[in-house]
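Work through these short exercises with the structure open. Try each task before you read its solution.

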Amino acid sequence: QNASATCSTLRDLWQAFTGAPNPAARQERLQALCRKVHFIAATAGLAGCHRLAQMASAFEALLFELSNRPAAISPSVLRTIASTIDFLALLFDCARDAEPEAPLSVQALVVDDDPLSNRLVVSALQRAQIQARSTEDPKEGLRRLQERHFDLVLLDVAMPGMDGFELCKRLRKLPGYEKTPVLYVTAHEDFEDCAKSALSGGDDLIAKPVFPMDLAVKAVTLLLKHQMAPA
(Lines give C-alpha, C1' and ligand atoms only; values in the text may rest on other atoms or scores of the structure.)
Protein backbone atom coordinates (compact mmCIF):
# COMPACT_ATOMS: atom_id res chain seq x y z
CA GLN A 1 0.00 0.00 0.00
CA ASN A 2 2.91 2.36 0.68
CA ALA A 3 5.05 1.22 -2.25
CA SER A 4 4.65 4.40 -4.29
CA ALA A 5 5.59 6.62 -1.37
CA THR A 6 8.53 4.39 -0.46
CA CYS A 7 9.91 4.42 -4.01
CA SER A 8 9.44 8.17 -4.18
CA THR A 9 11.41 8.53 -0.96
CA LEU A 10 14.22 6.38 -2.38
CA ARG A 11 14.47 8.59 -5.45
CA ASP A 12 14.41 11.75 -3.31
CA LEU A 13 17.23 10.38 -1.15
CA TRP A 14 19.21 9.45 -4.25
CA GLN A 15 18.79 12.92 -5.74
CA ALA A 16 19.80 14.46 -2.42
CA PHE A 17 22.93 12.32 -2.43
CA THR A 18 23.94 13.20 -5.98
CA GLY A 19 23.25 16.89 -5.32
CA ALA A 20 25.14 17.07 -2.01
CA PRO A 21 27.25 20.25 -1.80
CA ASN A 22 30.23 18.67 0.00
CA PRO A 23 31.65 15.27 1.07
CA ALA A 24 30.19 15.48 4.58
CA ALA A 25 26.69 16.10 3.27
CA ARG A 26 27.15 13.35 0.70
CA GLN A 27 28.11 10.90 3.42
CA GLU A 28 25.12 11.84 5.56
CA ARG A 29 22.71 11.42 2.67
CA LEU A 30 24.24 8.12 1.64
CA GLN A 31 23.68 6.82 5.17
CA ALA A 32 20.06 8.00 5.07
CA LEU A 33 19.55 6.07 1.83
CA CYS A 34 21.18 3.01 3.41
CA ARG A 35 18.83 3.17 6.42
CA LYS A 36 15.78 3.34 4.15
CA VAL A 37 16.93 0.35 2.13
CA HIS A 38 17.60 -1.57 5.36
CA PHE A 39 14.00 -0.93 6.40
CA ILE A 40 12.77 -2.25 3.04
CA ALA A 41 14.92 -5.37 3.30
CA ALA A 42 13.69 -6.14 6.81
CA THR A 43 10.00 -5.58 6.15
CA ALA A 44 10.07 -7.41 2.79
CA GLY A 45 11.61 -10.43 4.50
CA LEU A 46 8.94 -10.44 7.19
CA ALA A 47 6.24 -10.17 4.53
CA GLY A 48 7.61 -13.14 2.59
CA CYS A 49 8.53 -11.00 -0.42
CA HIS A 50 11.78 -12.85 -0.95
CA ARG A 51 12.82 -11.30 -4.25
CA LEU A 52 12.38 -7.81 -2.92
CA ALA A 53 14.14 -8.75 0.31
CA GLN A 54 17.15 -10.28 -1.47
CA MET A 55 17.52 -7.31 -3.80
CA ALA A 56 17.21 -4.82 -0.96
CA SER A 57 19.65 -6.77 1.22
CA ALA A 58 22.32 -6.79 -1.49
CA PHE A 59 21.68 -3.11 -2.17
CA GLU A 60 21.98 -2.28 1.52
CA ALA A 61 25.32 -4.09 1.69
CA LEU A 62 26.59 -2.06 -1.27
CA LEU A 63 25.50 1.24 0.30
CA PHE A 64 27.00 0.27 3.66
CA GLU A 65 30.33 -0.53 2.03
CA LEU A 66 30.30 2.79 0.20
CA SER A 67 29.59 4.69 3.40
CA ASN A 68 32.80 3.20 4.81
CA ARG A 69 34.75 3.56 1.57
CA PRO A 70 33.55 6.70 -0.21
CA ALA A 71 36.58 6.56 -2.54
CA ALA A 72 35.01 3.47 -4.12
CA ILE A 73 32.09 5.51 -5.50
CA SER A 74 32.80 5.28 -9.23
CA PRO A 75 30.67 6.03 -12.31
CA SER A 76 29.92 2.28 -12.54
CA VAL A 77 28.73 2.19 -8.93
CA LEU A 78 26.57 5.28 -9.43
CA ARG A 79 24.90 3.64 -12.44
CA THR A 80 24.29 0.52 -10.38
CA ILE A 81 22.63 2.53 -7.60
CA ALA A 82 20.35 4.41 -9.99
CA SER A 83 19.28 1.28 -11.88
CA THR A 84 18.72 -0.66 -8.65
CA ILE A 85 16.35 1.98 -7.31
CA ASP A 86 14.32 1.67 -10.54
CA PHE A 87 14.36 -2.12 -10.26
CA LEU A 88 13.17 -2.01 -6.64
CA ALA A 89 10.13 -0.07 -7.83
CA LEU A 90 9.38 -2.87 -10.30
CA LEU A 91 9.79 -5.49 -7.57
CA PHE A 92 7.34 -3.58 -5.37
CA ASP A 93 4.78 -3.69 -8.18
CA CYS A 94 5.28 -7.43 -8.64
CA ALA A 95 5.12 -8.13 -4.90
CA ARG A 96 1.81 -6.31 -4.56
CA ASP A 97 -0.03 -8.70 -6.89
CA ALA A 98 2.01 -11.91 -6.58
CA GLU A 99 1.30 -15.10 -4.70
CA PRO A 100 3.52 -15.82 -1.67
CA GLU A 101 7.05 -16.62 -2.85
CA ALA A 102 9.28 -19.51 -1.89
CA PRO A 103 12.70 -18.53 -0.51
CA LEU A 104 15.25 -18.16 -3.30
CA SER A 105 17.86 -20.88 -3.79
CA VAL A 106 20.31 -20.29 -6.64
CA GLN A 107 23.69 -21.65 -7.71
CA ALA A 108 26.36 -19.64 -9.50
CA LEU A 109 29.55 -20.67 -11.29
CA VAL A 110 32.53 -18.33 -11.42
CA VAL A 111 35.24 -18.95 -14.05
CA ASP A 112 38.35 -16.79 -13.72
CA ASP A 113 42.00 -17.81 -14.11
CA ASP A 114 42.99 -15.32 -11.38
CA PRO A 115 42.60 -17.14 -8.01
CA LEU A 116 42.36 -13.88 -6.04
CA SER A 117 39.61 -12.54 -8.31
CA ASN A 118 37.83 -15.87 -8.00
CA ARG A 119 37.76 -15.71 -4.22
CA LEU A 120 36.66 -12.07 -4.28
CA VAL A 121 33.72 -12.77 -6.58
CA VAL A 122 32.60 -15.89 -4.70
CA SER A 123 32.71 -14.00 -1.39
CA ALA A 124 30.65 -11.13 -2.83
CA LEU A 125 28.01 -13.52 -4.18
CA GLN A 126 27.76 -15.33 -0.86
CA ARG A 127 27.12 -12.00 0.88
CA ALA A 128 24.19 -11.55 -1.52
CA GLN A 129 22.79 -14.98 -0.51
CA ILE A 130 23.95 -16.68 -3.72
CA GLN A 131 25.70 -20.04 -3.41
CA ALA A 132 28.76 -20.01 -5.66
CA ARG A 133 31.43 -22.38 -6.91
CA SER A 134 34.50 -21.43 -8.90
CA THR A 135 37.25 -22.73 -11.15
CA GLU A 136 40.34 -21.15 -12.69
CA ASP A 137 40.19 -23.36 -15.81
CA PRO A 138 37.66 -22.47 -18.55
CA LYS A 139 37.66 -26.05 -19.84
CA GLU A 140 36.84 -27.28 -16.34
CA GLY A 141 34.13 -24.61 -16.19
CA LEU A 142 32.57 -25.95 -19.39
CA ARG A 143 32.70 -29.50 -18.00
CA ARG A 144 30.90 -28.40 -14.82
CA LEU A 145 28.24 -26.62 -16.88
CA GLN A 146 27.67 -29.84 -18.82
CA GLU A 147 27.34 -31.90 -15.65
CA ARG A 148 24.86 -29.76 -13.72
CA HIS A 149 22.73 -26.67 -14.05
CA PHE A 150 23.79 -23.28 -12.66
CA ASP A 151 21.39 -20.34 -12.39
CA LEU A 152 24.07 -17.69 -12.99
CA VAL A 153 27.50 -17.74 -14.66
CA LEU A 154 30.27 -15.17 -14.18
CA LEU A 155 33.11 -15.26 -16.69
CA ASP A 156 36.46 -13.55 -16.86
CA VAL A 157 37.03 -12.28 -20.40
CA ALA A 158 40.79 -12.85 -20.77
CA MET A 159 41.66 -16.49 -19.99
CA PRO A 160 44.26 -18.81 -21.55
CA GLY A 161 43.05 -21.57 -23.84
CA MET A 162 39.47 -20.31 -24.08
CA ASP A 163 38.37 -16.74 -23.39
CA GLY A 164 35.11 -15.84 -21.72
CA PHE A 165 33.38 -14.94 -24.98
CA GLU A 166 34.09 -18.36 -26.51
CA LEU A 167 33.04 -20.12 -23.30
CA CYS A 168 29.75 -18.22 -23.34
CA LYS A 169 29.10 -19.22 -26.96
CA ARG A 170 29.60 -22.88 -26.03
CA LEU A 171 27.50 -22.47 -22.90
CA ARG A 172 24.57 -21.15 -24.95
CA LYS A 173 24.52 -24.40 -26.95
CA LEU A 174 24.08 -26.55 -23.83
CA PRO A 175 20.54 -27.73 -22.92
CA GLY A 176 18.93 -25.41 -20.39
CA TYR A 177 21.47 -22.61 -20.83
CA GLU A 178 19.83 -20.71 -23.67
CA LYS A 179 18.79 -17.84 -21.38
CA THR A 180 20.88 -18.35 -18.22
CA PRO A 181 22.21 -14.94 -17.03
CA VAL A 182 25.91 -14.44 -17.86
CA LEU A 183 27.95 -11.62 -16.33
CA TYR A 184 31.39 -10.85 -17.76
CA VAL A 185 34.23 -9.55 -15.63
CA THR A 186 36.63 -7.64 -17.85
CA ALA A 187 39.81 -5.61 -17.46
CA HIS A 188 38.51 -2.97 -19.89
CA GLU A 189 34.91 -1.77 -19.99
CA ASP A 190 35.24 -0.46 -23.54
CA PHE A 191 33.02 -0.53 -26.62
CA GLU A 192 34.76 -3.57 -28.11
CA ASP A 193 34.14 -5.68 -25.02
CA CYS A 194 30.54 -4.46 -24.81
CA ALA A 195 29.98 -5.47 -28.44
CA LYS A 196 31.59 -8.89 -27.97
CA SER A 197 29.56 -9.40 -24.81
CA ALA A 198 26.31 -8.91 -26.70
CA LEU A 199 27.40 -10.99 -29.71
CA SER A 200 28.52 -13.93 -27.59
CA GLY A 201 25.29 -14.01 -25.58
CA GLY A 202 26.32 -12.22 -22.39
CA ASP A 203 23.84 -10.16 -20.38
CA ASP A 204 26.09 -7.58 -18.68
CA LEU A 205 29.71 -6.82 -17.87
CA ILE A 206 31.64 -5.21 -15.06
CA ALA A 207 35.16 -3.84 -15.18
CA LYS A 208 38.10 -4.81 -12.99
CA PRO A 209 39.15 -3.92 -10.40
CA VAL A 210 35.81 -5.19 -9.15
CA PHE A 211 34.07 -3.52 -6.22
CA PRO A 212 32.57 -6.68 -4.69
CA MET A 213 29.12 -5.46 -3.70
CA ASP A 214 28.67 -3.62 -7.00
CA LEU A 215 29.16 -6.98 -8.68
CA ALA A 216 26.80 -8.69 -6.21
CA VAL A 217 24.01 -6.19 -6.85
CA LYS A 218 24.41 -6.62 -10.62
CA ALA A 219 24.31 -10.39 -10.19
CA VAL A 220 21.13 -10.36 -8.07
CA THR A 221 19.47 -8.00 -10.54
CA LEU A 222 20.28 -10.31 -13.47
CA LEU A 223 18.98 -13.33 -11.57
CA LEU A 224 15.71 -11.72 -10.56
CA LYS A 225 15.05 -10.25 -14.00
CA HIS A 226 15.60 -13.70 -15.46
CA GLN A 227 13.19 -15.28 -12.98
CA MET A 228 10.56 -12.65 -13.70
CA ALA A 229 10.84 -12.87 -17.48
CA PRO A 230 8.01 -14.64 -19.36
CA ALA A 231 8.81 -18.27 -20.12
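**Exercise 1.** Find where P209 sits in this predicted model, and state what kind of peptide bond runs from K208 to P209.

*Solution.* Start with the place. P209 belongs to the loop between β5 (204-207) and α9. Now check the bond. From K208 to P209 the peptide bond is cis, and its omega is near -5°.

**Exercise 2.** Compare the reach of helix α9 with its expected span, then decide whether α9 is mostly covered or not.

*Solution.* Count first. Helix α9 covers residues 212-228, which gives 17 residues. Next, take the span. From first C-alpha to last, α9 reaches 25 Å, close to the 24 Å expected at 1.5 Å a residue. Last, look at burial. Buried means under 20% relative accessible area. In α9, 12 of the 17 residues are buried, so the helix is mostly covered. Among them are M213, L215, V217 and L224.

**Exercise 3.** Locate Q129, describe its phi, and classify its exposure.

*Solution.* Q129 is in the loop between α5 (115-127) and β2. Its phi is near 65°, a positive value in a residue other than glycine. Partly exposed runs between 20% and 50%. Q129 has a relative accessible area of 48%, so Q129 is partly exposed.

**Exercise 4.** Which residues form a negative surface patch, and where does D137 lie?

*Solution.* List the members: D113, D114, E136 and D137. Then place D137. This residue lies in the loop between β2 (131-135) and α6 (138-147). Finish with its exposure. The relative accessible area of D137 is 37%, so D137 is partly exposed.

Key
Residues are numbered from 1 along each chain as its sequence is written. This is a predicted model: local features need pLDDT of at least 70, side-chain atom pairs count only at pLDDT 80 or more; totals for chains, interfaces and linings use all residues. Side-chain values use heavy atoms; hydrogens and water are left out. Patches are made of residues with over 30% relative accessible area and no salt bridge: like charges are joined within 9 Å, nonpolar side chains (Val, Leu, Ile, Met, Phe, Trp, Tyr) within 5 Å. Accessible areas come from the Shrake-Rupley method with a 1.4 Å probe; for residues, only the protein chains shown count as cover. A salt bridge is a side-chain nitrogen of Lys or Arg within 4 Å of a carboxyl oxygen of Asp or Glu. Lys and Arg count as positive and Asp and Glu as negative; His and the chain ends are not counted. The place of a charge is taken as NZ of Lys, CZ of Arg, CG of Asp or CD of Glu. Helices (H or I, at least four residues) and strands (E, at least two) are DSSP runs, numbered from the N terminus. Buried means under 20% relative accessible area, exposed over 50%, partly exposed in between (1.4 Å probe, protein chains only). The expected span of a helix is 1.5 Å times one less than its number of residues.
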